[in-house]
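Here is a short note for a colleague who has not met this structure before. Please read it with the model open.

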Amino acid sequence: MAEKVRLPINPSIPSGEQTVWADISLLLDSACKAIVVEYLLPTEEIDSNESVRGYYSSDANLRDGELIHGENFNLFAAMSALEIMDPKMDSGIVRRYYSVDEAIDSGAAPVPLSSDRTVDVQCVIDIMDHLLACEATWHKGHSLAQTVFSCIYLLKPDRTSPHALLHSYCRVIRATCNSVVSVVSDARTNEEEDLFTMTYGLPLKGDGDEKCLSMLNAVEETISRQLRACKAPPSKKRVVEDIEPLQTNPDLEEEFCKALLCRIRFRKHFYHALTAMKRPQGRGLELARKHIACCLSELDSILKSSEFLCSNACGTCEDGLEDRTTASGCQPIGFDASLNCRLSAPTPPRAIKILSWIKAVEYFQKLLHDLDILCSYSLDPLLEGVLRFVVEFQKFQPDLVARAHLQVLLVHDGKLYGRDPVFTVISKAAALPEFPKDHEIQNNEVLVQLGQLVISLLKILCTNAAWQRRKLGKILQDWRVSYMQLELAFKKEFRDISSTLIDEAGSLAELIPSTAIGHLSASSLCDKISKHILVWVEEQTYWIASRFLVLGFELELYSPNEYCMVYWYMYVVFIKLAEKTHLKMLTSHETGKRKAKKKKDSLKDLARDYQIPPGVLLLQCHIYLAEALTMFSFLQMLAALRNEHKVFPSLGPFNTEYERFNQHFELLQKASIPDPVTFFSYEESTMNAHLSNPVMHNCFKDALRIAKELRSSFSHDPERVAELRRIEQVAEHNGVALNLICRLGTLEPSLKVYFEFSHHPYFATVVVKRS
């Protein structure tokens with residue numbers, strides 16, 4: 001234990017709950033003595049002078065392992081304190097200015113930027129490029145105060161009013177940042193990056209920012225006229241003589257005009273795209289897509305302008321092309337990343353590295369491609385289609401801003417796309433009979449809670465992979481509890497509600513349209529509703545469980561010696577999912593047949609009440625079965641390799657296989673998914689696996705056969721065709737590897753078996769090679 005040196009507290013220094021004071025005079029004295037002994041006094045002088053040696057080795061000095069302890073200065077206060085003179089923690093050590101006014105008075109952000117108009121234009125372009133790099137860095141999760149608002153011109157917006165070009169650009173930057181903060185805050189995806197939406201009291205909103213586009217359009221028109229003037233043939237020079245050039249060098253006029261125009265137009269179209277995407281019910285998606293196409297075109301022009309800007313650069317150039325934050329490579333003026341650290345207490349003191357200009361352009365290209373995918377979405381009214389789109393979209397690994405727009409599009413005002421009530425979505429997904437909009441069943445407490453679970457599921461699927469997996473594991477228990485509550489509610493409440501309503505209405509036919517229900521009795525109605533919803537809830541629960549397990553591969557949470565138990569658990573879950581999907585298909589098919597009999601004379605009504613065709617659900621069930629067969633045969637081969645050849649042994653140096661099983665599947669086990677599955681059932685299933693088992697060989701063949709048969713049925717769906725092709729490749733390659741291992745009989749010392757995910761993101765391919 002370290003010794004504690006208690007320091008007397010000076011009573012004249014007040015302290016409260018929010019402040020901590022301690023007399024550190026002894027600490028400073030000890031530190032000074034240590035510095036003198038270590039660095040200033042020669043060793044001979046200390047050894048020869050007894051008084052000096054005694055003073056600097058007194059008991060009052062701190063020795064190794066000793067700690068300073070005050071009555072009101074505990075460990076928490078010590079950890080929260082700044083480390084003085086540490087550049088990473090002390091926000092005051094690397095600082096040129098202590099206020100914005102001081103920076104302006106020192107000439108850090110002049111207006112105009114230079115008396116030479118050519119240099120002024122070059123400096124403005126450098127500011128635009130550096131702001132683009134700062135904005136991309138902010139989108140990646142860093143604070144607004146250390147990125148975009150490290151620009152002094154943004155901190156004092158009124159100062160730039162004499163400079164129309166810089167003033168309009170700064171205003172549209174602020175408006176764009178405000179729009180992004182708004183959509184991320186509405187989606188609450190900022191929980192993944194706590195710093196993203198914190199504004200630190202910065203002037204994010206300014207008077208007149210709503211007119212930023214009109215100001216930018218005026219500047220764009222002026223520069224366009226200047227570009228046309230410099231490109232005009234000699235015969236028309238007199239007509240354009242009254243147009244003032246952008247800068248003083250006629251040879252550079254055209255390229256400077258082009259460089260400015262592509263940057264201004266990118267800003268304009270990007271702001272238009274963000275604004276259009278925020279329109280409710282997806283009304284602005286088509287318009288946003290047009291602006292996104294323009295943004296991508298302008299980014300290409302921005303990249304092309306870098307060669308000209310580099311060749312005509314002025315000022316200090318940054319070292320290394322890969323780290324430069326401007327197209328010209330010059331250091332931009334008007335930026336100080338450490339200024340806000342002193343002005344705003346919550347600003348992180350540690351300096352950050354701004355993305356390079358090239359990486360910033362690449363980031364915005366990817367962001368725009370992701371937003372374009374969102375805008376091309378057809379707003380599928382069926383929940384199954386929504387979930388499939390979100391999962392496919394997440395494969396592109398979209399960043400925070402794109403995922404925030406996805407969530408705002410899907411969920412608005414507690415409705416799907418802001419237009420479809422959740423109960424309607426559940427009714428279509430579970431193939432329920434139609435109810436009047438004001439039917440009392442929609443207000444049932446348990447069904448309202450189920451609707452909230454659906455909304456929560458959609459929001460969770462819009463988060464990043466790590467956050468998504470953690471939340472899916474927790475929401476599984478809520479879905480399981482909801483299933484049990486629904487069972488009780490259907491038994492106790494719905495029968496009473498139906499009986500009461502029948503007494504009041506006189507007959508069930510007057511309450512619910514005969515086209516949907518027919519002449520069912522109250523008890524059969526409740527049985528029908530309960531059967532449909534409970535089957536659907538179980539199917540969704542197993543779908544969430546399968547998504548939870550698959551994300552483990554994406555996050556690389558499983559080691560090769562754990563693949564056997566993971567694929568076994570996935571096999572069990574996928575088989576259960578296939579069973580529930582097939583059961584839902586049967587119940588939906590019965591409803592469809594009944595509707596066809598009642599509506600065979602009304603084709604318009606049949607089209608309006610369109611349900612998922614049973615054939616599509618059957619094929620989807622076959623896909624799950626093909627995946628399950630692939631996993632089953634693969635886990636059997638893994639178990640056989642482990643049992644016969646001791647490949648990937650299950651025992652580890654730190655924990656047992658039982659402990660690892662519980663670590664990976666604890667959340668699934670708590671939710672009883674699947675109900676009878678335990679570690680001991682896993683052991684029993686795999687302990688007798690052998691390579692000579694013919695069933696294992698047939699499983700790869702069956703998976704390959706089913707996948708090939710299904711491919712022609714999904715010729716209109718390229719995503720599912722690609723998935724089936726990946727399953728074919730995994731089954732084919734693993735079948736070849738299994739035959740090779742069986743033919744060799746025993747694994748030679750030089751033969752190495754390992755796994756790679758070259759064909760499928762979560763179905764591994766066995767590779768057998770000689771070392």
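1. One definition first. A residue is called buried under 20% relative accessible area, exposed over 50%, and partly exposed in between. By that scale Arg726, at 23% relative accessibility, counts as partly exposed.

2. Confidence. This is a predicted model. The chain averages a pLDDT of 78. Of its residues, 69% score at least 70. Residues 1-13 stay under 50 throughout. For that stretch the model has 23 contacts beyond four places in sequence. Residues 55-60 are also below 50 in pLDDT. This second stretch has 10 contacts in the model beyond near neighbours in sequence.

3. The main core. The largest nonpolar core holds 192 residues. Which of them touch the most other members? They are Val148, Trp479 and Trp536. Take Val148, leaving aside its neighbours within four places in sequence. Val148 is then in contact with Leu131, Cys134, Glu135, Trp138, Leu154, Ile173 and Cys177. Another core, of five residues, lies apart from the largest one. Its members include Phe700, Ala703, Leu704 and Ala731. In soluble globular proteins, nonpolar side chains tend to be buried together.

4. Helix α18. This helix covers residues 445-461, 17 residues in total. From first C-alpha to last it reaches 25 Å, close to the 24 Å expected at 1.5 Å a residue. Its buried residues include Val446, Leu447, Leu450 and Gly451. Further along α18, Leu453, Val454, Ile455, Leu457 and Leu458 are buried too, as are Ile460 and Leu461.

5. Strands β5 and β6. Side chains alternate along β5, residues 751-756. Leu751, Val753 and Phe755 point to one face and are buried. Lys752, Tyr754 and Glu756 point to the other face and are not buried. In a regular strand the side chains alternate between the two faces of the sheet. β5 pairs with β6 (residues 765-770) in the antiparallel sense, over six bridges. Within β6, Thr765 is the bridge partner of Glu756.

6. A salt bridge between loops. The model has 27 salt bridges. One of them joins Lys353 and Asp323, with the closest N and O atoms 3.6 Å apart. The pair links distant parts of the chain, 30 residues apart. Lys353 sits in the loop between α13 (339-343) and α14 (357-375). Asp323 sits in the loop between α12 (306-311) and α13. Are these two residues buried or exposed? Lys353 counts as exposed, at 62% relative accessibility. Asp323 is partly exposed, with a relative accessible area of 34%.

7. Arg726 and Glu723. These two form a salt bridge, the closest N and O atoms being 2.8 Å apart. Both belong to helix α28 (residues 718-744). Because they are three residues apart there, about one helical turn separates them. Glu723 is buried, with a relative accessible area of 12%, whereas Arg726 is partly exposed at 23%. An α-helix has 3.6 residues a turn, so residues three or four places apart point the same way.

8. Glu728 and Arg725. Helix α28 also holds this salt bridge, with closest N and O atoms 3.1 Å apart. Its partners are three residues apart, about one turn of the helix. Glu728 counts as buried, at 1% relative accessibility. Arg725 counts as partly exposed, at 37%. A network is also present: salt bridges that share partners join Arg388, Asp717, Glu719 and Arg720.

Note on methods:
Residues are numbered from 1 along each chain as its sequence is written. This is a predicted model: local features need pLDDT of at least 70, side-chain atom pairs count only at pLDDT 80 or more; totals for chains, interfaces and linings use all residues. Side-chain values use heavy atoms; hydrogens and water are left out. A nonpolar core is a set of buried Ala, Val, Leu, Ile, Met, Phe, Trp, Tyr and Cys residues joined through side-chain atoms within 4.5 Å. Buried means under 20% relative accessible area, exposed over 50%, partly exposed in between (1.4 Å probe, protein chains only). Contact means heavy atoms within 4.5 Å. pLDDT is the predictor's confidence in each residue, from 0 to 100. Helices (H or I, at least four residues) and strands (E, at least two) are DSSP runs, numbered from the N terminus. The expected span of a helix is 1.5 Å times one less than its number of residues. Two strands pair if DSSP finds at least two bridges between them. A salt bridge is a side-chain nitrogen of Lys or Arg within 4 Å of a carboxyl oxygen of Asp or Glu.
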